[in-house]
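Here are a few short exercises to work through with the model open beside you. Try each one before reading its solution.

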Amino acid sequence: MNFLSHYYFERYRHNPELVLGCVLPDLIKNADRNVNVLPQKHEERFGNNPKLQSIYQGWMRHVETDRCFHSSSFFYDHTHRLRTLLAPIVEATEIRPSFLSHIALELLLDHLLLHHNWVHESDFYEYLAAADREATDRFLKLCGVSDTAFFFKYFNSFMRAQYVAGYRDFGQITHAMIGICRRLWNVQLDRDQYSGITEIVSDYAANLTGEFPHIFEEVASKLS
């Protein structure tokens, strides 16, 4: 799941560090995909510090949420359908259709959460802004990340851009999808390809409208 979908499960917790923790794995991956952080191997280092424990709890909730989502029939069914639709558009590129369909589904879920007012991006960013940066820095260092500057450079940019609000717009979803692909492959798509992907995700959002609540209910029941 993507940022807002993870936030959805923690939106009433009133705990900024937990909210940060629930999206921290993806933030770190975006900041530097070569950095591998495994806090579950260092749990004893967090002691009784409530902020460190909250970040850790959020991190582990992220891991469990993704596990539940990726093992669901909803995930398998819709990534397969999206792959079938998207594959012809990117067949002449290095992009793996299975990867693209995975990203598309996760961004569409964030779109639907925003569109139906299940979450609000301003609340999400307020939680992140309120999270204790010193505690975050200490958490990462206790996990073996000696130099955290790369993370906070990305995090500051993430906070300034506040780009998740753009997931309301299907064109922005397409740009985000291709931007993520460019982290792995050197690809350039033309205007027709962008338009084709945008049309597919727009149409598919309508198909998901009646179904998407069920996956959030399913994951929530497993988390509880």
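Contact here means heavy atoms within 4.5 Å. One more thing before starting: this is a predicted model.

**Exercise 1.** Find out which residues Thr148 touches, leaving out those up to four places away in sequence, and decide whether Thr148 is buried or exposed.

*Solution.* Start by locating Thr148: it sits in the loop between α7 (133-142) and α8 (149-161). Next, list its contacts; beyond four places in sequence, Thr148 touches Asp137, Leu140 and Lys141. Asp137 also gives a polar contact, side chain to side chain with Thr148, at 2.4 Å. Finally, check the accessibility: the relative accessible area of Thr148 is 7%, so Thr148 is buried, the cut-off being under 20%.

**Exercise 2.** Check whether the span of helix α5 (residues 97-115) agrees or disagrees with its residue count.

*Solution.* Take the 19 residues at 1.5 Å a residue, which should span 27 Å. Then look at the end C-alpha atoms: they are 26 Å apart, so the two agree. While you're there, note that α5 is mostly covered, with 15 of its 19 residues buried. Just after the helix, Asn117 has a positive phi of about 60°.

**Exercise 3.** Describe how helix α9 (residues 170-181) packs with helix α10 (residues 191-208).

*Solution.* Geometry comes first: the angle is about 120° and the axes are 9 Å apart. The crossing of α9 past α10 is right-handed. Now the residues: on the α9 side they include Phe170, Met177 and Ile178, and on the α10 side Tyr194, Ile197 and Val201. Sorted by class, this contact has seven nonpolar, five polar and no charged residues.

Methods:
Residues numbered from 1 in each chain as written. Predicted model: local features only at pLDDT ≥ 70, side-chain atom pairs only at ≥ 80, totals over all residues. Heavy atoms only, no water. Helix = DSSP H or I, 4+ residues; strand = E, 2+ residues; numbered from the N terminus. Expected span 1.5 Å × (residues − 1). Buried < 20%, exposed > 50% of the residue type's maximum accessible area, 1.4 Å probe, protein only. Polar contact = N/O pair within 3.5 Å; in protein donor to acceptor, adjacent residues only side chain to side chain. Axes fitted to C-alpha atoms, helices over the stretch in contact; angles between N-to-C directions. Left-handed = near helix turned anticlockwise from the far one by under 90°. Nonpolar A, V, L, I, M, F, W, Y, C, P; charged D, E, K, R; others polar.
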